[in-house]
Amino acid sequence: MQASRLVARTGSVDETRALAASVAPSVRPGDLLLLAGDLGAGKTAFVQGLGRAMGVTEPITSPTFTLAQRYDSDPILHHLDVYRLSQLNEVLDLGLGELLDDGGVVTIEWGDAVVPVVPSDYLEVRLTLADVATPDDREIVLRPVGPRWTARRRVLAEAIAPWAVKDDDGEGVAPC
Ligand code: ADP
Ligand code: MG
């Protein structure tokens with residue numbers, strides 16, 4: 001079950017954090033968010049904005065080498081990275097299902113390999129460098145997968161409206 005994608009564009013790291021902060025009120029305990037995109041795309045920046053808006057006060061840093069970070073927000077925020085394929089099994093060893101069942105919010109900076117091993121109920125956030133001529137621009141595509149997130153598509157669209165480009169039908173979704 002998939003809803004159509006939501007497409008946005010930001011022009012700075014602070015804008016990406018602000019977009020992520022706007023998504024935070026839509027996030028519920030037990031939610032999974034998959035962050036996709038090349039190194040330097042802004043996956044960690046997105047989690048920083050999200051976490052800050054969820055009440056995390058300590059600095060949120062890339063978990064590339066620590067593998068997993070847990071932040072005492074409400075709900076608890078878990079920040080995982082499976083940049084190295086070998087980390088995939090380690091993530092499974094962490095008990096992803098348990099983290100979600102316990103009411104945590106799990107964000108994973110991922111390689112494509114992670115999709116088959118996670119629940120098929122998640123929000124995919126894909127960040128890409130839009131254009132080499134505008135190195136601080138990022139296209140951010142939100143793709144709700146599964147019933148948990150498809151039900152929230154409209155709320156998400158409203159949350160990211162200030163940065164919206166178009167939806168799948170090519171319709172403008174920017175507020176009037
Ligand atoms: P990733 O986790 O995907 O490897 P990071 O969030 O660690 O990426 O780094 C993104 C880098 O890109 C940061 O240095 C940030 O300042 C820079 N940047 C420039 N423009 C943007 C933007 N619009 N959104 C996010 N990051 C941006
Ligand atoms: Mg990162």
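Here is a short chat about a predicted model, its magnesium ion, its ligand 1 and helix 2.

Residues are numbered from 1 along each chain as written, while chains are lettered from A and ligands numbered from 1 in the order written. In this predicted model, local features need pLDDT of at least 70 and side-chain atom pairs count only at pLDDT 80 or more, totals for chains, interfaces and linings use all residues, and side-chain values use heavy atoms, with hydrogens and water left out.

Me: Which residues are the protein donors of the magnesium ion (ligand 2)?

Reply: Donors here are N, O and S atoms within 2.8 Å of the metal (3.2 Å for Na, K and Ca), and since water is not among the atoms, sites may look incomplete. The donors lie 2.2 Å from the ion, through an OG1 atom and an OE atom. Those atoms belong to Thr44 and Glu109.

Me: How many residues apart in sequence are the parts that Thr44 and Glu109 tie together?

Reply: Helices (H or I, at least four residues) and strands (E, at least two) are DSSP runs numbered from the N terminus. Thr44 lies in helix 2 (residues 43–53) and Glu109 in strand 5 (residues 105–109), so the pair ties together parts whose separation in sequence is 65 residues.

Me: Is Thr44 buried or exposed?

Reply: The cut-offs are under 20% relative accessible area for buried, over 50% for exposed, and partly exposed in between (1.4 Å probe, protein chains only). Glu109 falls in the same class as Thr44, and that class is buried.

Me: How many of the eleven residues of helix 2 are buried?

Reply: Helix 2 is mostly covered. Its buried residues include Phe46, Val47 and Leu50, and they pack against helix 1 (13–23), strand 2 (32–36), strand 4 (77–81), strand 5 and strand 6 (122–131), with contact meaning heavy atoms within 4.5 Å. The count of buried residues is nine.

Me: Which residue just after helix 2 takes a positive phi?

Reply: The phi in question is about 105°. The residue that takes it is Gly55.

Me: How many residues surround ligand 1?

Reply: A residue is near a molecule if one of its heavy atoms lies within 4 Å of it (a strand is treated likewise). The closest are Thr16, Gly40, Lys43, Thr44 and Asp136. The full number around ligand 1 is 16.

Me: At what distance does a polar side-chain atom of Lys43 lie from an oxygen atom of ligand 1?

Reply: A polar contact is a pair of N or O atoms within 3.5 Å; within protein, one must be able to donate a hydrogen and the other to accept it, and residues adjacent in sequence count only if both atoms are side-chain atoms. Lys43 is buried, with a relative accessible area of 9%, and its side chain also reaches the backbone oxygen of Gly37 at 2.8 Å. For the ligand 1 oxygen, the Lys43 distance is 2.8 Å.

Me: Which side chain makes a polar contact with the side chain of Thr10?

Reply: Thr10 is found in strand 1 (residues 6–10) and is buried, at 1% relative accessible area. One of its polar side-chain atoms lies 3.2 Å from a nitrogen atom of ligand 1. Its side-chain partner, at 2.7 Å, is Thr16.

Me: Which residue lies over the face of Trp149?

Reply: A charge sits over a ring if NZ of Lys or CZ of Arg is within 6 Å of the ring centre and within 35 degrees of the ring normal. Here the distance from the ring centre is 4.1 Å. The residue is Arg152.
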